[in-house]
Amino acid sequence: MHQGEIIANKDNQNIIDCENCEFPHVYPYPSQEKTQLLYSEEYYQKNRADYINNLKEDREWWENLYQERINMIQKYINTTKPVKVLDIGTGAGYFLNVAKKNQWMELGLEPSQMASFYAKEQGLNILQEFYNKEISEKIGKFEVIHMNHVLEHMIQPKEILNLIYNNLADGGIFCVAVPNDFNELQEIASKINHDNQWWVAPSEHINYFSFNNLKKLLNNCGFEILEETTSFPMEMFILMGDNYIAENSLGRGCHFKRKEFEKNFLNIIVI
């Protein structure tokens, strides 16, 4: 049973701080049919019409980020056999591109026709599928499972994480990235924007995670936390005067500054 305090409302949909799940989420959850239609046919074609063009422009940045992530994962892999990696919600396939360059055996699951076609064009092993119980039982075990900004979109994430746990080989590594929502910087920046909680997007983001509630959820599903990290907090730009929420045209410029910061930082710090 889902119940808890309503902490946000947008587009006539409530976000509750669910006492049962122990993380905020949309309530009631949308239907499976609605979410499947969104991510298989509408998400990139309508909601992210500039997705591929922006990705191409950012490719070097994405691949540097993913190589850094793979370097982190490799510290914990204890096998001399080729590493099998599953990428759930692979999008354009840039993570798997980097994994393949590292001699990993790749499989990606991507429900979007547009995104999966783009990933397949790069010579990657992609299935245009949702990750669910049926596909989980078919694909076998993996030394590494990766999921980048996908869990927040999924109905009943605990059930998904239980499936992922079962798809991991003994000693396997699960790497998950999600937005850090309702954090202090967001809350401060929302006051600058007249209490606009722009990160609340219930038609797409169903679940809202923080470091604490994500760790608790992972622990409850049997995972041991090895490392945790974060990305550059974009809200800092709002606090420095580049209010990309009030002026949408500033968004890409702020993103380019973030990329430059990370490039310079990674030239000095090697993980």
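This passage looks at a small set of features in a predicted model: a sheet, several salt bridges and a surface patch.

We begin with the sheet, which is open and holds three strands in the order S1-S2-S3, paired in the antiparallel sense. Strand S1 (4-10) and strand S3 (24-27) are its edges, each pairing on one side only. From one strand to the next, the twist averages 35°. S1 and S2 are joined by six bridges in antiparallel pairing, and along this pair Gly4 stands opposite Cys18 in S2. The two strands form a hairpin with two residues between them, and Asp11 in that turn has a positive phi of about 55°.

On the other side of strand S2 (residues 13-18), the antiparallel pairing with S3 runs over four bridges. Here Ile15 stands opposite Val26 in S3, while Asp17 has Pro24 as its bridge partner in S3. S2 and S3 also form a hairpin, this time with five residues between them, and a positive phi of about 70° is found at Glu22 in the turn.

Turning to charged side chains, the whole structure contains 14 salt bridges. One of these brings together Lys259 and Asp58, at 2.7 Å from N to O. This pair links distant parts of the chain, since Lys259 belongs to helix H11 (residues 251-268) and Asp58 to the loop between helix H2 (51-57) and helix H3 (59-74), 201 residues apart. Both Lys259 and Asp58 are buried.

A second example lies within a single helix: Glu134 and Lys138 are both in helix H6 (residues 133-139), four residues apart, or about one turn of the helix. Their side chains meet in a salt bridge of 3.6 Å, N to O. Glu134 and Lys138 are both exposed. Elsewhere, salt bridges with shared partners join Glu57, Asp58, Arg252 and Lys259 into one network.

The salt bridge between Glu106 and Lys100 spans 4.0 Å from N to O, and its two partners fall into separate accessibility classes. Glu106 has a relative accessibility of 12% and therefore counts as buried, whereas Lys100, at 37%, counts as partly exposed.

Finally, the surface carries a nonpolar patch formed by Ile188, Ile192 and Leu239, with about 240 Å² of accessible area together. Of these residues, Ile192 is placed in helix H8 (residues 184-192). Ile192 counts as partly exposed because its relative accessibility is 41%, a value between the 20% limit for buried and the 50% limit for exposed residues.

Methods:
Residues are numbered from 1 along each chain as its sequence is written. This is a predicted model: local features need pLDDT of at least 70, side-chain atom pairs count only at pLDDT 80 or more; totals for chains, interfaces and linings use all residues. Side-chain values use heavy atoms; hydrogens and water are left out. Two strands pair if DSSP finds at least two bridges between them. Axes are lines fitted to C-alpha atoms, for helices over the stretch in contact, and angles run from 0 to 180 degrees between N-to-C directions. Patches are made of residues with over 30% relative accessible area and no salt bridge: like charges are joined within 9 Å, nonpolar side chains (Val, Leu, Ile, Met, Phe, Trp, Tyr) within 5 Å. Accessible areas come from the Shrake-Rupley method with a 1.4 Å probe; for residues, only the protein chains shown count as cover. Buried means under 20% relative accessible area, exposed over 50%, partly exposed in between (1.4 Å probe, protein chains only).
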